[in-house]
Amino acid sequence: MRQILTIGTVLSVLLIFLTGCTRERPRYVIGVSQCSDDIWREKQNAELRMGAYLQGDVELRFAAAYDSDERQVQQIDSLVATGIDLLIVAPNQVQTISPAIDRAYDKGIPVIVFERKTNSQKYTAFIGADNYEMGRVMGEYIASQTHGKGRVVELMGLEGSSPAIERHNGFADALKNFPNIKIIATLQGDWTEESAVKAIQNYQGNLSSVDFVFGQNDRMAIGARKALSNLTPHSPLLTKFCGIDGLPGEDGGIQLVCDSILDASYIYPTHGDQLIQLAIDILDSKPFEKETLLMSALVTRDNARVLLMQNEEIMRQSDYLDQLHNRADSYLEQLGTQRVVNWMAIGVIVLLLLTIVLFYRYHLSKVKLQHERVVNTLWNLKPEDVPTPPAAEQTESPENGEAREGSEAKNDPATTSIFITRFKEVVKKRLDDSDVSVEDLAADMNLSRVQLYRKVKAVTGSSPVELLRTARLNRGYQLLLTSDLSISEVAYQVGFTAPSYFTKCFKEEYGLLPGDVRER
C-alpha cells in the first residue's frame with residue numbers, strides 16, 4: 001500500500017503542475033511607459049492593444065506616471081526588472097527620465113521613444129509628430145486670423161518636456177515675422193485643464209483684451225476659455241482659442257472646433273498600431289527607420305465636420321474590432337479553462353487506473369504469500385505442530401457423521417502426521433509423471449478422490465492439484481539451481497507436458513522466468 005500512496009502523491013503533484021502551467025510565456029513582452037494618463041493616451045493605448053492583438057502572442061505591460069518624473073523612473077526600472085523584450089516610452093521631461101532609459105538600453109533592451117524626446121542618443125528608434133512645425137503653423141494661423149495685428153497669450157505644457165519646448169519655439173519663430181502681434185504672456189501649465197485655469201487666475205496683468213489664446217494642447221485651451229469667461233461674466237467673450245491634439249470623439253478637439261468652442265486645433269496622431277508594428281520589426285530584426293515623423297494636419301471650421309465624419313467611421317470600426325477582440329479573448333479563456341478541466345480529468349483517470357493496477361498486484365502478492373505458507377505447511381508440517389481440537393469438536397454426533405471423514409486429519413494428530421507423510425511420498429514418487437491425476441494419487445493412498453480432496457483441503461486449505469503443481473515448480477526451481485539440465489529437460493523431468501506451460505506457471509509462481517534463476 002505504501003507504493004500506491006507514493007505513486008499517488010507523485011501523480012497528484014504532476015497533476016497540479018500540469019494544471020498550473022496552462023499558459024507559456026508570450027513570444028514578445030513589451031513594456032509601455034506613459035508619462036501621463038489622458039484621453040490622448042487612452043486612445044493610443046487602445047490602438048496599442050489592438051495592434052498587439054493583431055500581431056498575435058504579444059503581451060503589453062502598461063505603466064502611467066501621471067506627470068511624475070520620480071514615478072516614471074521607478075516604473076521604467078520595474079518594467080525592465082520583469083523581463084521585457086522592448087521598451088516603449090514617452091518621457092515626462094527631457095533630462096530627468098533619460099538615465100532610466102539609458103539603463104534599459106545598456107541592458108540590451110531595444111527602446112522606442114515616442115512623442116517626446118530625451119537628451120540622450122541611447123534609443124533604438126523615435127516616432128512622433130513634428131512639434132516645432134505644429135507651433136509654427138499655429139502661429140501663422142493666428143497671424144492670418146488677426147491680419148497680422150493683435151494680442152496673444154501662450155499656455156505652455158509641462159516645463160522641461162520636449163513638446164512644450166519645440167511647440168513654443170515654432171510658435172515664437174512664426175510670430176517674429178509679424179511685429180504687430182504681441183505675445184503679452186507666456187504662462188506655464190502642465191498639459192491639464194486645471195493648470196491652465198490656475199495660470200490665468202494667477203496672472204497679474206491685464207487679460208481683458210486678448211485676441212487669441214494658444215494652448216499647447218486642447219485641454220489647456222479649454223481651461224483658459226473657462227478662466228477668461230469667469231473674469232468677464234457679464235461681457236461677451238471675444239477671445240478666440242486654439243490648441244493641439246485634434247482628437248475625435250465627444251470631447252475631442254475636432255468636435256470642439258465643429259461646435260465653435262475652439263477656433264482651431266492641430267491633429268497630433270496617436271498611431272498606436274504603427275508604434276506596435278515598429279516594435280515588432282525591431283524584435284524580428286527587420287529593417288526600420290530610426291526617426292519616423294507622423295503626418296499631422298490643422299483643424300479649422302472649414303474641414304472639422306469632414307474630419308469628424310471620417311473619424312466617427314474609424315471609431316465605429318475600431319469599436320467593432322474591439323468587440324470582436326473581447327469575444328475572441330472570452331472564447332480563448334473558455335478554451336483554456338476547458339483544457340485545464342480535460343487535463344484534470346485525464347489525470348484523475350490515470351491515477352485511478354494506476355491505483356487499481358497497483359492494488360491488484362498487491363492483492364496477488366498477498367495471495368502468493370498465502371500460497372507459499374500453505375505449501376510450507378504441507379511439506380514441513382510435523383505431528384507435534386498439529387493442534388489438538390477441543391473436546392466438543394472431537395465428539396461425534398449423528399449430524400456430523402458426514403463431516404468426520406473430512407475432518408479426521410484435523411482431529412487426530414497421529415493420523416494427520418501419517419497422512420502428510422504418505423501424501424508427500426506419493427507426490428514425490430509421481431512428480432515426473434505428467435499423466436498423473438487426483439484419482440491416481442487417491443488410489444496410491446487407498447482413498448477415494450473425494451476423500452483425498454477433503455483431507456488435503458482440511459489440512460492445507462489448497463487442492464491436491466494445486467499442491468502437486470507447486471511441488472513440481474519447487475523441484476524445477478531446485479534443478480535449475482543445482483543441475484545443468486536445460487529448461488525443457490527440467491520441465492519434462494518434473495511432470496510438465498510442455499516447456500512453455502512450465503515457463504508460464506513458473507512466471508506466475510515466482511514472478512520471473514526459469515532462465516532468470518540461473519542468471520541471478
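These are my notebook entries on a predicted model of one protein chain.

**Entry 1: the whole chain**

I began with the overall counts. The chain has 520 residues, and 44% of them are buried. Its secondary structure comes to 20 helices and 12 strands. I then looked at the contacts with a separation of 6 or more. Of these, 72% join residues 24 or more positions apart. I also looked up the salt bridges, and the structure holds 20.

**Entry 2: helices α5 and α6**

I picked one helix pair to look at in detail. Two packed helices are described by the angle between their axes and the distance between the axes. Here α5 covers residues 131-145 and α6 covers residues 162-175. I noted an angle of about 35 degrees for the pair, with the axes 6 Å apart. The crossing of α5 and α6 is right-handed.

Next I listed who meets whom. From α5, the contact includes Asn131, Tyr132, Met134 and Arg136. From α6, it includes Pro163, Glu166, Arg167 and Phe171. Glycines take part as well, among them Gly135 and Gly139 in α5 and Gly170 in α6. By class, I have eight nonpolar, five polar and five charged residues in the contact of α5 with α6.

**Entry 3: Arg136 and Glu133**

I stayed with Arg136, since it is one of the α5 residues that meet α6. Arg136 also forms a salt bridge with Glu133. The closest N and O atoms of the two are 2.5 Å apart. Both sit in helix α5, three residues apart, so about one helical turn separates them. Are they buried or exposed? Neither: Arg136 is partly exposed because its relative accessibility is 23%. Glu133 is partly exposed too, at 27%.

**Entry 4: other salt bridges**

Side chains of opposite charge can pair when their charged atoms come close. I checked two further pairs. Arg430 and Asp433 meet in a salt bridge at 3.2 Å, N to O. Asp433 has 24% relative accessibility, so I count it as partly exposed.

Glu439 forms a salt bridge with Arg449, and their closest N and O atoms are 3.0 Å apart. This pair links distant parts of the chain, 10 residues apart. Glu439 is in helix α15 (residues 438-444), and Arg449 is in helix α16 (residues 449-460). Glu439 counts as partly exposed at 41% relative accessibility. Arg449 counts as partly exposed at 43%.

I also found a network. Salt bridges that share partners join Asp38, Arg41, Glu115, Arg116 and Arg219.

**Entry 5: Asp69**

Arg116 came up again when I looked at Asp69. Asp69 lies in helix α3 (residues 69-81). Asp69 is buried yet has no salt bridge. Which side chain of opposite charge is nearest to Asp69? That is Arg116, 7.4 Å away. A salt bridge needs N and O within 4 Å, so a gap of 7.4 Å does not qualify. I then listed the contacts of Asp69, leaving aside neighbours within four places in sequence. They are Asn92, Gln93, Thr96 and Ile97.

**Entry 6: Leu238**

Last, I looked up a leucine in a loop. Leu238 is in the loop between α8 (218-231) and β9 (240-242). Why does Leu238 count as exposed? Its relative accessibility is 72%, and exposed means over 50%, so it qualifies. I also noted a C-alpha separation of 7.1 Å between Leu238 and Asp211. The two are 27 residues apart along the chain.

How values were computed. Residues are numbered from 1 along each chain as its sequence is written. This is a predicted model: local features need pLDDT of at least 70, side-chain atom pairs count only at pLDDT 80 or more; totals for chains, interfaces and linings use all residues. Side-chain values use heavy atoms; hydrogens and water are left out. Axes are lines fitted to C-alpha atoms, for helices over the stretch in contact, and angles run from 0 to 180 degrees between N-to-C directions. Helices (H or I, at least four residues) and strands (E, at least two) are DSSP runs, numbered from the N terminus. A crossing is left-handed if the near helix is turned anticlockwise from the far one by less than a right angle, and right-handed if clockwise. Contact means heavy atoms within 4.5 Å. Ala, Val, Leu, Ile, Met, Phe, Trp, Tyr, Cys and Pro count as nonpolar, Asp, Glu, Lys and Arg as charged, and the others, Gly among them, as polar. Buried means under 20% relative accessible area, exposed over 50%, partly exposed in between (1.4 Å probe, protein chains only). Lys and Arg count as positive and Asp and Glu as negative; His and the chain ends are not counted.
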